[in-house]
Amino acid sequence: MAILDNMLDVINCQIKEHNIKTLKKVKIVVGELTGVVPEVLEFCWQLSVENSPHEEAVLEVEKIKAVALCSRCANEYLINLGPACKNCGGGAREILSGRELYVDYIEGE
């Protein structure tokens, strides 16, 4: 809930800055490695906007897969398939994606 509260602070700042009267849509990007469960975020969103001026706004959550780059053979692979590279078995890697957690955009009038 604290993560969503922080996102709502960002959203409310943007609403004020752009003089938006009606919030229509919010898109949030969530990486697999953040520990945030998108379904829980969506549930908390519904609770947070219920009976508020944002009640009709649609929340879109984009889930980003955790991808690593093997330091040994430069193979890109999904981390959820295992900690080691499937190509060479190497364990050293650079995380390419999966740490994202941000408000991508808001739409309103």
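**Helix 2 and its surroundings**

The buried residues of helix 2 are P38, L41, C44, W45 and V49. They sit on the same side of helix 2, because they span an arc of only 120° around its axis. The model is a predicted one. This briefing starts at helix 2, then moves to the sheet and the cores.

**Helix 2**

- Helix 2 covers residues 38–49, a run of 12 residues.
- From first C-alpha to last, helix 2 reaches 16 Å, close to the 16 Å expected at 1.5 Å a residue.
- An α-helix has 3.6 residues a turn, so residues three or four places apart point the same way.
- Three elements receive the buried residues of helix 2: helix 1 (2–17), strand 1 (23–31) and strand 2 (58–64).
- Helix 2 lies across strand 1 and strand 2. Its direction runs at about 165° to that of strand 2.
- After helix 2 comes N51, with a positive phi near 60°.

**V49 and H54**

- V49 belongs to helix 2. Its relative accessible area is 2%, so V49 is buried.
- Which residues does V49 contact, leaving aside neighbours within four places in sequence? They are H54 and E55.
- The C-alpha atoms of V49 and L8 are separated by 9.5 Å. Along the chain, these two residues are 41 residues apart.
- H54 lies in the loop between helix 2 and strand 2.
- Is H54 buried or exposed? H54 counts as buried, because its relative accessibility of 14% falls under the 20% cut-off.
- Not counting residues up to four places away in sequence, H54 touches N12, I15, L23 and V49. The H54 contacts thus include V49 of helix 2.

**The sheet**

- Three strands form an open sheet in the order 2-1-6, with mixed pairing.
- Strand 2 and strand 6 (101–108) are at the edges. Each has a single partner strand, so one side of each is left without a neighbour in the sheet.
- Neighbouring strands of this sheet are turned by 15° against each other on average, direction ignored.
- Strands of a sheet pair through backbone hydrogen bonds, either parallel or antiparallel.
- Strand 1 and strand 6 pair in the antiparallel sense, over 7 bridges.
- V30 has L101 of strand 6 as its bridge partner.
- Helix 1 packs on the sheet, where it touches strand 1 and strand 6. The direction of helix 1 makes about 40° with that of strand 6.

**Nonpolar cores**

- In soluble globular proteins, nonpolar side chains tend to be buried together.
- The largest nonpolar core holds 19 residues. Those touching the most other members are I11, L23, V26, I28, W45 and I106.
- Helix 1, strand 1, helix 2 and strand 2 each supply at least two residues of this core.
- Helix 1 gives the most to this core, with 5 residues.
- What does L23 touch, not counting residues up to four places away in sequence? Its contacts are I11, I15, W45, H54, A57, I106, E107 and G108.
- W45 appears among the buried residues of helix 2 and among the contacts of L23.
- A second, separate core has 6 residues, including A66, C70, I79 and C85.

Technical notes: Residues numbered from 1 in each chain as written. Predicted model: local features only at pLDDT ≥ 70, side-chain atom pairs only at ≥ 80, totals over all residues. Heavy atoms only, no water. Helix = DSSP H or I, 4+ residues; strand = E, 2+ residues; numbered from the N terminus. Expected span 1.5 Å × (residues − 1). Buried < 20%, exposed > 50% of the residue type's maximum accessible area, 1.4 Å probe, protein only. Arc of directions from axis to C-beta. Contact = heavy atoms within 4.5 Å. Pairing = 2+ DSSP bridges. Axes fitted to C-alpha atoms, helices over the stretch in contact; angles between N-to-C directions. Core = buried A, V, L, I, M, F, W, Y, C linked by side-chain atoms within 4.5 Å.
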